[in-house]
Amino acid sequence: MTERTFSIIKPDATRRNLTGKINAVIEDAGLRIVAQRRIRMTEGQARKFYEVHAARPFYGELVEFMTSEPVVVQVLEGANAVAKYREVMGATNPADAAPGTIRKLYAESVGENSVHGSDSQENAALEIAQFFTEADIVG
Ligand code: CMP
């Protein structure tokens, strides 16, 4: 089933000029980048985006990291896009990520792990709506 997922190329990756290389992995996997914008995430946006992790000990560090340098927010579309992109990203901790995945190829640590992808269709819809309107998405 064609669906959408939300992706972020994180500051550790934009800092190292990896946007194009990460997009190539995404596109080679058959996902279409149907919306994309490079932004500086505000503290308010980051706190809201990671609200579910507010009680975690790494929350403050995570918000600081996500606002430290530009990120690229994206909407990806394709068959089973949520599960597909999670497969393409690899495990949260790059040490556990499978060969060929974005995190195995490029991530530096569990915190600075190059990309974010939605974990469910419900969260994908909420996350997309935080950064894009329907008019921004061109399928
Ligand atoms: P992400 O998929 O964006 O969603 C939550 C993020 O929290 C996760 O990727 C990691 O970047 C971050 N995270 C998870 N565990 C840790 C940790 N132990 N220390 C710092 N950041 C973490």
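Me: In this predicted model, is strand S1 mostly covered or mostly open, and how many of its residues are buried?

Reply: A residue is called buried when its relative accessible area is under 20%. In strand S1, which spans residues 2–9, 6 of the 8 residues are buried, and the strand is thus described as mostly covered.

Me: Which strands does S1 pair with, and in what sense do they run?

Reply: Pairing is read from the bridges between two strands, of which at least two are needed. S1 is joined to strand S3 (residues 71–79) by 8 bridges, and the two run antiparallel; within this pairing, Glu3 has Gly78 of S3 as its bridge partner. S1 also pairs with strand S4 (residues 115–117), again in the antiparallel sense and over 3 bridges, and here Ser7 stands opposite Gly117.

Me: In what order do the 4 strands lie in the sheet, and which are the edge strands?

Reply: The sheet is open, with its 4 strands in the order S2-S3-S1-S4 and antiparallel pairing. Strand S2 (32–39) and S4 are the edge strands, each of them pairing on one side only, and from one strand to the next the twist averages 20°.

Me: Which strands do helices H2 and H5 touch or lie across, and at what angles?

Reply: Angles here compare N-to-C directions and run from 0 to 180 degrees. Helix H2 (residues 19–28) lies across S1, S2, S3 and S4, and runs at about 160° to S2. Helix H5 (residues 81–89) packs on the sheet as well, where it touches S1, S3 and S4, with a direction that makes about 35° with that of S1.

Me: How many salt bridges are there, and which residue meets Asp12 in one of them?

Reply: The criterion is a side-chain nitrogen of Lys or Arg within 4 Å of a carboxyl oxygen of Asp or Glu, and by that rule the count is 9. Among them is the contact between the side chains of Asp12 and Arg16, at 2.7 Å from N to O; Asp12 is buried, with 0% relative accessible area, whereas Arg16 is partly exposed at 29%.

Me: Which parts does the salt bridge between Glu69 and Arg15 tie together?

Reply: The closest N and O atoms of Glu69 and Arg15 are 3.1 Å apart. Because Glu69 lies in the loop between helix H4 (59–66) and S3, while Arg15 belongs to helix H1 (residues 11–15), the pair ties together parts 54 residues apart in sequence.

Me: Where does Glu108 lie, and how far apart in sequence are the parts that its pair with Arg15 ties together?

Reply: The side chains of Arg15 and Glu108 meet in a salt bridge at 3.9 Å, N to O. Glu108 lies in the loop between helix H6 (102–106) and S4, so its pairing with Arg15 of helix H1 links parts 93 residues apart in sequence. Through shared partners, salt bridges join Asp12, Arg15, Arg16, Glu69, Glu108 and Glu112 into one network.

Key. Residues are numbered from 1 along each chain as its sequence is written. This is a predicted model: local features need pLDDT of at least 70, side-chain atom pairs count only at pLDDT 80 or more; totals for chains, interfaces and linings use all residues. Side-chain values use heavy atoms; hydrogens and water are left out. Buried means under 20% relative accessible area, exposed over 50%, partly exposed in between (1.4 Å probe, protein chains only). Contact means heavy atoms within 4.5 Å.
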